[in-house]
Amino acid sequence: MTQVVPKRSGSDGDDVVLLAVPASPAYLGVLRTATAGLAARLQFTLDEIEDLRIAVDEACAMLLAVAADTPQLGDTVELSCRFTVTSDALTVYTTVPLGSADERLPGGESFAWQVLSALADEVSATVDAHQAGIRLTKRRPT
């Protein structure tokens with residue numbers, strides 16, 4: 001099931017959109033489409049929008065690989081995506097739950113990280129005992 005919840009986050013005026021889909025490659029199109037729509041609101045160029053779509057797809061694919069390694073979580077694993085739209089940037093934070101703290105994302109020198117670094121202005125990852133996450137930020141040129 002897909003959930004979209006737009007909300008205003010206090011005095012900063014940033015728009016936040018939360019989207020959760022089953023942790024399956026079949027649903028990555030939903031996240032790519034949401035990325036493109038939100039980037040278009042910021043008036044990114046078509047090339048920048050496509051770069052963001054590819055970056056989100058790559059980040060989610062990396063997280064899905066980690067989620068696939070945790071069968072103890074069952075069929076209800078969700079890939080969560082938090083889109084934060086500011087006046088000059090779009091930040092996408094994607095997460096999946098982990099079955100154990102031993103799970104790891106590919107290293108910073110992997111091809112996947114090279115792609116992410118080339119397509120987004122800022123890229124970071126977090127892994128803790130409960131979830132793995134990748135944060136991407138793309139800023140509008142000034």
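The exercises below, each with a worked solution, concern a predicted model.

**Exercise 1. Overall layout**

Give the number of helices and strands in the protein, their order along the sequence, and the share of buried residues.

Solution.
Step 1. Count the elements: the protein holds 3 helices and 6 strands.
Step 2. Read them along the sequence, which gives the pattern β-β-α-α-β-β-α-β-β.
Step 3. Turn to accessibility: of the 142 residues in the protein, 40% are buried.
Step 4. Take the contacts between residues at least 6 apart in sequence; 61% of them join residues at least 24 apart.
Step 5. Look for aromatic pairs: the structure has 0 of them.

**Exercise 2. Pairing around β4**

Determine which strands pair with β4, in what sense, and over how many bridges.

Solution.
Step 1. Locate the strand. β4 spans residues 89-97, and 8 of its 9 residues are buried.
Step 2. Examine β3, residues 78-85. β3 and β4 are antiparallel and share 6 bridges. Within this pairing, S80 has T95 of β4 as its bridge partner.
Step 3. Examine the connection. With 3 residues between them, β3 and β4 make a hairpin.
Step 4. Examine β6. β4 and β6 also run antiparallel, joined by 9 bridges. Here P97 is opposite Q131 of β6.

**Exercise 3. The second hairpin**

Describe how β5 is joined to β6, and name the bridge partner of A125.

Solution.
Step 1. Set the limits: β5 covers residues 122-127 and β6 covers residues 131-139.
Step 2. Assign the sense. The two strands are antiparallel, with 6 bridges between them.
Step 3. Find the partner of A125, which is I134 in β6.
Step 4. Inspect the link: β5 and β6 form a hairpin, and 3 residues separate the strands.

**Exercise 4. Two threonines in the strands**

For T94 and T137, state the strand, decide whether each residue is buried or exposed, and list the contacts beyond four places in sequence.

Solution.
Step 1. Place T94 in strand β4.
Step 2. Apply the cut-off. Buried means under 20% relative accessible area, and T94 has 1%, so T94 is buried.
Step 3. List its contacts, leaving aside neighbours within four places: T94 meets A59, C60, L63, S80, C81, A132, G133 and I134.
Step 4. Place T137 in strand β6.
Step 5. Use the same cut-off of 20%. The relative accessible area of T137 is 5%, and therefore T137 is buried.
Step 6. List its contacts with the corresponding exclusion of residues up to four places away: A89, L90, T91, A120, D121 and E122.
Step 7. Check the side chain. T137 and T91 are joined side chain to side chain by a polar contact of 3.1 Å.

**Exercise 5. A charge over a ring**

Identify the residue that lies over the face of Y93, and give the distance from the ring centre.

Solution.
Step 1. Search over the ring face of Y93; the residue found there is R135.
Step 2. Read the distance, which is 4.2 Å from the ring centre.

**Exercise 6. The sides of helix α3**

Explain why the buried residues of α3 are assigned to the same side of the helix.

Solution.
Step 1. Select the buried residues of α3, residues 111-119: A112, W113, V115, L116 and L119.
Step 2. Consider their directions around the axis. They span an arc of only 155°, so they fall on the same side of α3.
Step 3. Consider the other side of α3, where F111 and A118 are exposed.

**Exercise 7. The loop before α2 and a residue within α2**

Compare Q43 with I49: where does each lie, and is each buried or exposed?

Solution.
Step 1. Place Q43 in the loop that links α1 (28-41) to α2 (46-68).
Step 2. Classify Q43. Exposed means over 50% relative accessible area; at 65%, Q43 is therefore exposed.
Step 3. Inspect the backbone. Most residues other than glycine have a negative phi. Q43, which is not glycine, has a positive phi, near 60°.
Step 4. Place I49 in helix α2.
Step 5. Classify I49: its relative accessible area is 11%, so I49 is buried.
Step 6. List the contacts of I49 beyond four places in sequence: A36, A39, A40 and F44.
Step 7. Add a distance. I49 and R32 are 17 residues apart in sequence, and their C-alpha atoms are 9.7 Å apart.

Technical notes: Residues numbered from 1 in each chain as written. Predicted model: local features only at pLDDT ≥ 70, side-chain atom pairs only at ≥ 80, totals over all residues. Heavy atoms only, no water. Buried < 20%, exposed > 50% of the residue type's maximum accessible area, 1.4 Å probe, protein only. Pairing = 2+ DSSP bridges. Arc of directions from axis to C-beta. Phe/Tyr/Trp six-rings, centres within 6.5 Å; stacked < 30°, edge-to-face > 60°. Lys NZ or Arg CZ within 6 Å of the ring centre and 35° of its normal. Polar contact = N/O pair within 3.5 Å; in protein donor to acceptor, adjacent residues only side chain to side chain. Contact = heavy atoms within 4.5 Å.
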